[in-house]
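Open your viewer and keep the selection box handy. We will go from stop to stop, picking a few elements each time.

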Amino acid sequence: MAPPHLMTLADLSVAQINRSLAHAAHLKKLSQPVLKPNATTTKLPSNSLQHKSIALLFSKRSTRTRVSAETAAALLGGRALFLGKEDIQLGVNESAGDTAKVIGSMCQGIFARVGEHEEIEELARHSPVPVLNALSSLWHPTQIMADLLTLHEHAHLFSGASSSKGNAPEGLPALPPLTIAWVGDSSNVLHDMLVTYPRLGHKIRVGTPSNPKYHAPSAVWDRIKEVNCEKGIFWTDDPREAVKGADVVVTDTWFGRARISMGQEHEKAQRLKDFNGFQVTEQLCKEGGANPNWKFLHCLPRKEHEVDDEVFHGPRSLVFPEAENRKWTIMAMFDQLFGHWKL
């Protein structure tokens with residue numbers, strides 16, 4: 001039996017996405033009593049990873065993804081083995097294919113956070129165990145799962161939610177059809193939004209600078225068309241137009257796909273110039289005509305030029321529940337993909 005892999009949410013059906021979200025909510029509910037001080041129960045919510053090891057193959061540093069993965073594996077009875085770029089031979093004198101064969105012979109799953117998307121595709125081609133994309137240059141599926149769980153948990157904040165009869169994950173409140181605005185660079189987070197939200201009945205309005213380098217690459221558009229999401233997407237170079245009617249406003253780093261290092265200050269300065277006016281603020285959303293009750297999401301870490309303090313730390317912000325939900329959605333995917341080879 002060939003191992004299942006997950007590179008992007010475009011690989012999953014709507015039913016699979018909803019099933020994984022429902023499982024995440026279920027695991028969260030079962031786990032929280034175990035984690036309380038002086039807990040009266042120590043029974044794990046699942047032991048699907050008992051005696052199993054999951055390789056965290058990270059070539060990029062991480063806070064939320066790493067902590068989520070390590071704690072999730074422990075709650076499933078398993079062990080997460082962190083393998084940073086300074087720890088192993090990958091990229092030094094060993095190929096991704098050989099690395100996948102070796103790690104896959106000793107571990108029961110690979111959770112890989114890489115640079116170029118081709119790296120994780122090569123890992124998956126050669127791995128004898130499931131590979132889950134923790135982040136690549138093109139896609140960030142586990143982030144959008146956390147965002148979706150957060151939105152469902154806060155469905156009561158959106159008008160029409162109480163009467164919505166949408167296709168909700170079992171055990172979670174249904175969401176009304178939402179308008180979700182993206183303001184910023186076309187990053188891996190946006191790309192997984194584009195292949196997911198329209199299939200769930202939501203509309204996406206994207207605001208990026210007009211330069212084509214800030215637009216989604218052709219490989220992403222191919223998947224958008226493959227899952228019939230293009231009609232649910234509106235694209236503009238005006239951030240105010242992007243937030244028109246928005247129920248949720250989302251942004252991310254302006255330097256996600258740009259490899260800016262010391263000595264490349266010109267590129268950084270050019271990007272800051274190109275993104276002038278794209279900072280998410282109360283004024284921007286008021287001028288653009290966002291829903292008066294709009295909410296804010298950000299995958300973190302955040303820079304102030306992306307969103308100001310008033311929004312980020314204010315009542316509109318759901319960023320910290322969103323961050324916590326990285327754990328529960330990753331836990332669900334570990335249980336399904338690594339524990340049972342099924343999503």
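At what angle do the axes of helix α1 and helix α12 cross, and within what distance do they come? Select residues 14–35 for α1 and 319–340 for α12: their axes come within 8 Å and cross at roughly 110 degrees. Axes here are lines fitted to C-alpha atoms, for helices over the stretch in contact, and angles run from 0 to 180 degrees between N-to-C directions. That makes α1 roughly perpendicular to α12, a label for angles of 65 to 115 degrees. Helices (H or I, at least four residues) and strands (E, at least two) are DSSP runs, numbered from the N terminus.

A word on the model: it is predicted, so local features need pLDDT of at least 70 and side-chain atom pairs pLDDT 80 or more, while totals for chains, interfaces and linings use all residues. Residues are numbered from 1 along each chain as its sequence is written, and side-chain values use heavy atoms, leaving out hydrogens and water.

Stay with the helix pair and show side chains. On α1, the residues making the contact (heavy atoms within 4.5 Å) include Leu 21, Ala 24 and Leu 27; on α12, look for Trp 328, Met 331 and Asp 335, among others. The residues of this contact divide into eight nonpolar, seven polar and five charged. In that count, Ala, Val, Leu, Ile, Met, Phe, Trp, Tyr, Cys and Pro are nonpolar, Asp, Glu, Lys and Arg are charged, and the others, Gly among them, are polar.

Next, select β1 (53–58) and β2 (79–84), which pair in the parallel sense over six bridges; pairing requires at least two DSSP bridges between two strands. Leu 56 stands opposite Phe 82 in β2, and Ile 54 stands opposite Ala 80 in β2. Widen the selection to the open sheet of four strands, in the order β2-β1-β3-β4, with parallel pairing. Its edge strands are β2 and β4 (131–135), each pairing on one side only. From one strand to the next, the twist averages 20 degrees. Now add α2: this helix packs on the sheet, touching β1, β2, β3 (109–113) and β4, and its direction makes about 150 degrees with that of β2.

For the last stop, find the open sheet of five strands, also with parallel pairing, in the order β7-β6-β5-β8-β9. The edges are β7 (233–236) and β9 (295–298). Zoom in on β5 (179–183) and β8 (248–251), joined by three bridges; there, Ile 180 stands opposite Val 248 in β8.

Notes
Parallel < 35°, antiparallel > 145°, perpendicular 65-115°, else oblique.
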